[in-house]
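Here is a walk through one protein model, from the overall fold to the core and then to a pocket. Keep the sequence and the structure in view while reading.

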Amino acid sequence: MIDVIPCPKCSMQNTYFDGTSYVCPDCFYEWTLEEKEISVISKDSNGAELKDGDAVTVIKDLKVKGSSMVIKRGTKVKSIRLTNNPEEVECKIDGSGIVLKTCFLKK
């Protein structure tokens, strides 16, 4: 199985190798693996950049998979940690480590 490398510019998974570089057909960005400028930028639902240690607010009631727990809208989450996936952050809510999608958060 070929390992899919997400686009460093738009984070889409629809990339391919054309023989000399990787190409993203969604945003037309081209890069090589030697380029170390690949940086992950996480953004909240409003487009604000998220950083480690930020405090965010949940904008929608979220059911937690595998649990009867529900994270209510308006819940404030302190000290988030960014992951390798720009669409997810790690945090602790009520002592439980949880991964949340950034599209449900605002700074």
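**From fold to pocket**

Among contacts between residues at least 6 apart in sequence, 37% join residues at least 24 apart in the protein chain. The model is predicted, and the description below applies to that model.

The secondary structure is quickly told. The protein chain has 11 strands and zero helices. Following the sequence from start to end gives the pattern β-β-β-β-β-β-β-β-β-β-β.

Next come the overall dimensions. Along the principal axes, the C-alpha atoms of the protein chain fill a box of roughly 50 × 30 × 20 Å. The radius of gyration of the protein chain is 16 Å, whereas a compact globule of 107 residues would have one near 13 Å. As for burial, 29% of the 107 residues count as buried, where buried means under 20% relative accessible area.

Which residues have the most contacts inside the largest nonpolar core? They are Ile71, Val77, Ile80, Ile93 and Leu100, in a core of 14 residues. Strand S4 (56–58), strand S9 (88–93) and strand S10 (96–101) are the elements that give two or more residues to this core. The most comes from S9, which gives three residues.

Isoleucine 71 is a useful residue to select in the viewer. Leaving aside neighbours within four places in sequence, isoleucine 71 is in contact with Val58, Lys60, Asp61, Leu62 and Val64 on one part of the list, and with Ile93, Ile98 and Leu100 on the other. Of these partners, Ile93 and Leu100 are also listed among the core residues with the most contacts. A second core, separate from this one, has five residues, including Tyr22, Cys24, Tyr29 and Trp31.

Some of the residues around isoleucine 71 appear again at a pocket. The second largest pocket has a volume of about 200 Å³. Its lining consists of Leu62, Lys63, Val64, Lys65, Ile71, Ile98, Val99, Leu100, Lys101 and Phe104. Ile71 and Leu100 therefore need to be looked at twice, since both belong to this lining and both are named for the core. Strand S5 (62–63) and S10 each supply at least two residues of the lining. S10 has the largest share, with four residues.

What is the chemical character of the lining of the second largest pocket, by nonpolar, polar and charged residues? Seven residues are nonpolar, three are charged and no residue is polar. S10 thus links the two parts of this account: strand S10 gives two or more residues to the largest core and four to the pocket lining.

Definitions and conventions
Residues numbered from 1 in each chain as written. Predicted model: local features only at pLDDT ≥ 70, side-chain atom pairs only at ≥ 80, totals over all residues. Heavy atoms only, no water. Core = buried A, V, L, I, M, F, W, Y, C linked by side-chain atoms within 4.5 Å. Buried < 20%, exposed > 50% of the residue type's maximum accessible area, 1.4 Å probe, protein only. Contact = heavy atoms within 4.5 Å. 1 Å grid on protein atoms, 1.4 Å probe; cavity = no way out; pocket = protein on both sides within 12 Å on 5 of 7 lines; lining within 4 Å. Points joined across faces, edges and corners; volume = space filled by probe spheres on them. Nonpolar A, V, L, I, M, F, W, Y, C, P; charged D, E, K, R; others polar. Rg over C-alpha atoms; globule rule 2.2 N^0.38 Å.
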